[in-house]
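Visitor: I would like a close look at one part of this model, namely its charged side chains and the way they pair. Please set them in the context of the chain as you go.

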Amino acid sequence: MKRRSLHSWIKASINDILVPIESYHMYDPFGRRIKHETRFDYDRIPAVVELCIQAGVELPDYPSRRRTKPIRMIGKKVIDIGGFAEEPKKQCNLSSPSSMFDLDTHGAMTRFPPPSESDIPNIAQETMTAYETVGKGVRELMRKYTVKACGYCSEVHVGPWGHNAKLCGEFKHQWRDGKHGWQDATVEEVFPPNYVWHVRDPKGPPLRGQLKRFYGKAPAIVEVCMQAGAQVPRKYIPMMRLDIIVPEGEEARLVA
């Protein structure tokens, strides 16, 4: 049975709105590189959280080495890192929940009660402001702290160089023995926007594939907040193509 390029729609989750990008947490980013055999010795946490930890945020479950002396480098070659430091062992405390529990998006929609109708516009505006604040903060931190991204897949590593885990399965990965092709990451690779079609009337007819050149796009979080009553920043208005009139009726049949 052919679908003829039609989507099979299901109920979305938070991970469909905010795409989760994870990276390995390292106690010392300038320490020993992660090998393929030792990859399970390191925790996977959101890349944005790892970037904040290396920038100074203290999380008890994920300690980080704080240096008091600068690292000596000649160009991109590291001369002295002040010696290697062993990561402190984690204290298993079952009585107190992990500090990462609030950052876990799994089942987040069921952990909190639905808001009232009067609070939805304020929540949407706060969400939009928080989204812009996080994006701006990630951009500023990436100017100071190095983040690497694979040129073939979506793997991201926060640190001066990438890891050696052979987990890349994209184009011609057999030639590279599964190794990643590391390069400097962009903000969109660390904090990626999931672009969706902009729907002007959520209660109106569905979008038509024949008129897609008249439709605009926006990040999913922006589209959700706009439909909930938030004010959209001006930088998203051109990509949403709000100034384009979508043909209707007989005109739509002629241009389709």
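Guide: In this predicted model, a good place to begin is Glu-155, which counts as buried at 12% relative accessibility, because the threshold for that class is a relative accessible area under 20%. The side chain of Glu-155 meets that of Arg-44 in a salt bridge, with 2.8 Å from N to O. Glu-155 sits in the loop between β5 (147-150) and β6 (156-158), whereas Arg-44 belongs to strand β2 (residues 44-46), so the pair ties together parts that lie 111 residues apart in sequence. Arg-44, for its part, counts as partly exposed, at 33% relative accessibility, so this bridge joins a buried acid to a partly exposed base.

The structure holds eight salt bridges, and side chains of opposite charge can pair in this way when their charged atoms come close. Another of these bridges links Glu-58 with Arg-66, where the closest N and O atoms are 3.2 Å apart; here Glu-58 is exposed at 53% relative accessibility, while Arg-66 is partly exposed at 34%. In a further bridge, the side chains of Glu-140 and Arg-143 meet at 3.4 Å, N to O, with Glu-140 partly exposed at 42% relative accessibility and Arg-143 exposed, with a relative accessible area of 64%. In addition, Asp-28, Arg-65 and Arg-67 are joined into one network by salt bridges that share partners.

For the charges as a whole, the chain carries 38 positive and 31 negative ones, and the mean positions of these two sets are 7 Å apart. The chain exposes about 18,100 Å², of which carbon and sulfur atoms supply 55%, and 28% of its 256 residues count as buried.

Cysteines offer another set of side chains to examine, since a disulfide requires two cysteine sulfur atoms within 2.5 Å, and a search of the whole structure finds zero disulfides. The sulfur of Cys-153 has its closest cysteine sulfur in Cys-150, at 3.6 Å, which is too far for a bond. For the sulfur of Cys-168 the closest cysteine sulfur is that of Cys-153, at 3.9 Å, and this too is too far for a bond. Cys-168 itself counts as buried, at 4% relative accessibility.

A second buried glutamate appears in helix α6 (residues 220-227), whose buried residues are Ala-220, Ile-221, Val-222, Glu-223 and Cys-225. The buried residues of α6 pack against several elements, namely α1 (14-17), α4 (120-142), β8 (195-197), β9 (217-219) and α7 (237-240). Just after α6, Gly-229 takes a positive phi of about 115°.

As for the overall setting, the chain contains eight helices and nine strands, and its C-alpha trace spans about 75 × 50 × 40 Å along the principal axes. Among contacts between residues at least 6 apart in sequence, 65% join residues at least 24 apart. The salt bridge between Glu-155 and Arg-44, with its partners 111 residues apart in sequence, can be viewed alongside that figure.

Definitions and conventions
Residues are numbered from 1 along each chain as its sequence is written. This is a predicted model: local features need pLDDT of at least 70, side-chain atom pairs count only at pLDDT 80 or more; totals for chains, interfaces and linings use all residues. Side-chain values use heavy atoms; hydrogens and water are left out. Helices (H or I, at least four residues) and strands (E, at least two) are DSSP runs, numbered from the N terminus. Buried means under 20% relative accessible area, exposed over 50%, partly exposed in between (1.4 Å probe, protein chains only). Contact means heavy atoms within 4.5 Å. Accessible areas come from the Shrake-Rupley method with a 1.4 Å probe; for residues, only the protein chains shown count as cover. Lys and Arg count as positive and Asp and Glu as negative; His and the chain ends are not counted. The place of a charge is taken as NZ of Lys, CZ of Arg, CG of Asp or CD of Glu. A salt bridge is a side-chain nitrogen of Lys or Arg within 4 Å of a carboxyl oxygen of Asp or Glu.
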